[in-house]
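Hi everyone, thanks for making the time. I'd like to walk you through one structure today, so let me put it up on the screen.

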Amino acid sequence: MKNIMRATLVAFIVLTFSSVQAAAQQPGANATQLVSGYLLGPDDEIMIRAMDAPEISDKPVVIGTNGNITLPMIGKVKAGGLTVEQLEAELNARYKQFIQDPQVSVRVTEIRSQPVSVFGAVTKPGVIQLRGPQTLYEVLSLAGGPSENAGSILTITRRRQSGEIPIPGATLDSTGQFSSAELNVQEIIGGKNPAANIEIKPFDIISVSEASSNMIYVVGDVQHPGAFTLGGQRNASVLRAVSLAGGLGRTATPQKARIIREVPGSPSLNEISVNINQILSGKAADIELRSDDVLVVPTSSRKVFTTSFLPTTFSAVAAAAIYHY
């Protein structure tokens with residue numbers, strides 16, 4: 001199941017980066033609250049004003065894809081990579097050859113060069129334009145924060161030419177073009193992991209999982225076997241899972257319970273023995289379940305397990321393991 005999701009994600013990432021680049025060509029964000037130190041970039045629109053130079057004043061100028069602008073009298077000027085203040089200083093120096101006191105000022109009217117795509121379970125998904133250095137928390141806030149149906153997992157994907165993602169566990173995709181890392185949404189929103197609140201780069205993709213994609217399954221002799229969402233939590237304990245399933249059945253043998261866990265990238269499984277009786281009595285530590293784990297509670301009777309709630313993509317090996325004792 002996870003292999004299928006990964007293959008789909010790789011294709012989706014490529015398509016999304018294309019969409020982000022296309023969106024960068026569209027009319028961008030109003031720049032009235034531009035952060036100090038913002039670096040101008042391709043497709044940004046600026047307005048230039050100069051004393052005694054009406055031929056350049058109050059006319060919109062779009063920075064070219066090579067970062068240059070072309071102006072009367074002075075010709076080509078490199079604007080990309082400069083702050084507004086640096087560009088003003090450069091233009092004043094260049095126009096002094098023709099105007100005694102040019103007094104050039106520059107204003108950014110539209111930001112189009114710093115797109116970040118935020119999608120999934122957020123309040124306002126879409127393309128956001130960065131206004132100078134901004135953190136993951138700040139970008140999530142601009143997207144309205146996680147929605148009510150948000151899951152626990154946030155994924156950041158970055159082009160390799162933008163540098164590595166400075167988060168432990170970041171990995172490259174199969175194409176070698178993108179790196180990605182997973183974080184816990186609540187840790188970011190709650191400020192519990194400051195090191196993960198990294199600076200976001202242009203063309204980054206941020207995805208917040210849906211709660212429905214963050215499930216655990218309880219099978220066997222419990223009152224209400226089924227699939228249960230973890231919501232905003234990354235993990236749930238065995239006792240929590242039993243509680244969600246309404247408690248143990250009358251003929252359950254909880255001392256022989258098992259957790260079935262698929263191994264990423266492998267057809268093999270991990271089967272973890274669980275003695276629920278010992279956990280209940282405090283003689284054993286509770287065990288954390290991960291997303292897609294199956295908790296199997298055996299029965300001492302001939303009762304047939306209900307498994308219709310398991311996803312159709314659930315592997316045949318894992319499904320067979322549920323009935324193996």
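Let me start with a pair of charged residues. The side chains of Lys201 and Glu199 come together in a salt bridge, at 3.7 Å from N to O. Please keep in mind throughout that this is a predicted model. How accessible are the two partners? Lys201 is partly exposed, with a relative accessible area of 29%, and Glu199 also counts as partly exposed, at 39%.

How many salt bridges does a search of the whole structure find? The count is nine. Let me show you two others. Asp58 pairs with Arg49, and there the closest N and O atoms are 2.7 Å apart. Asp58 is partly exposed, at 42% relative accessible area, and Arg49 is partly exposed too, at 47%.

Then there is Arg112, whose side chain meets that of Glu110 in a salt bridge of 2.6 Å, N to O. Is Arg112 buried or exposed? Its relative accessibility is 14%, and buried means under 20%, so Arg112 counts as buried. This pair also has company: Glu45, Glu110 and Arg112 are linked in a network of salt bridges.

Now let's turn to strand 10, which covers residues 150-159. Ten of its ten residues are buried, so strand 10 is largely enclosed by the rest of the structure. Which strands does it pair with? One is strand 12, residues 178-184, joined to strand 10 by seven bridges. The two run antiparallel, and if you'd like a spot to look at, Thr155 has Glu182 of strand 12 as its bridge partner. The other one I'd like to show is strand 14, residues 205-210, which is joined to strand 10 by five bridges and also runs antiparallel to it. Here you can find Ala150 standing opposite Glu210.

These strands come back when we look at the nonpolar cores. The largest one has 24 residues, and Leu136, Leu154 and Ile206 are the ones that touch the most other members. Which elements give two or more residues to this core? They are strand 7 (115-120), helix 3 (136-142), strand 10, strand 12, helix 4 (185-189) and strand 14.

Let's zoom in on Ile206. Setting aside residues up to four places away in sequence, Ile206 touches a run of residues at Val116, Ser117, Val118 and Phe119. Its contacts also include Leu136, Val139 and Leu140, along with Leu154, Thr155 and Ile200. There is a second, separate core as well, with 23 residues, among them Ile48, Val61, Val77 and Ile99.

My last stop is a loop residue, Thr299. Where does Thr299 lie? You'll find Thr299 in the loop between strand 21 (294-297) and helix 7 (316-322). Despite the loop setting, Thr299 counts as buried, at 16% relative accessibility. Its side chain makes a polar contact with the side chain of Asp221 at 3.0 Å, and another with the side chain of Thr251 at 3.1 Å. Leaving out neighbours within four places in sequence, Thr299 is in contact with those two residues and with Ala252, Thr253 and Phe305.

That's my tour. Thanks for listening, and I'm happy to go back to any of these spots on the screen.

How values were computed. Residues are numbered from 1 along each chain as its sequence is written. This is a predicted model: local features need pLDDT of at least 70, side-chain atom pairs count only at pLDDT 80 or more; totals for chains, interfaces and linings use all residues. Side-chain values use heavy atoms; hydrogens and water are left out. Buried means under 20% relative accessible area, exposed over 50%, partly exposed in between (1.4 Å probe, protein chains only). Helices (H or I, at least four residues) and strands (E, at least two) are DSSP runs, numbered from the N terminus. Two strands pair if DSSP finds at least two bridges between them. A salt bridge is a side-chain nitrogen of Lys or Arg within 4 Å of a carboxyl oxygen of Asp or Glu. A nonpolar core is a set of buried Ala, Val, Leu, Ile, Met, Phe, Trp, Tyr and Cys residues joined through side-chain atoms within 4.5 Å. Contact means heavy atoms within 4.5 Å. A polar contact is a pair of N or O atoms within 3.5 Å; within protein, one must be able to donate a hydrogen and the other to accept it, and residues adjacent in sequence count only if both atoms are side-chain atoms.
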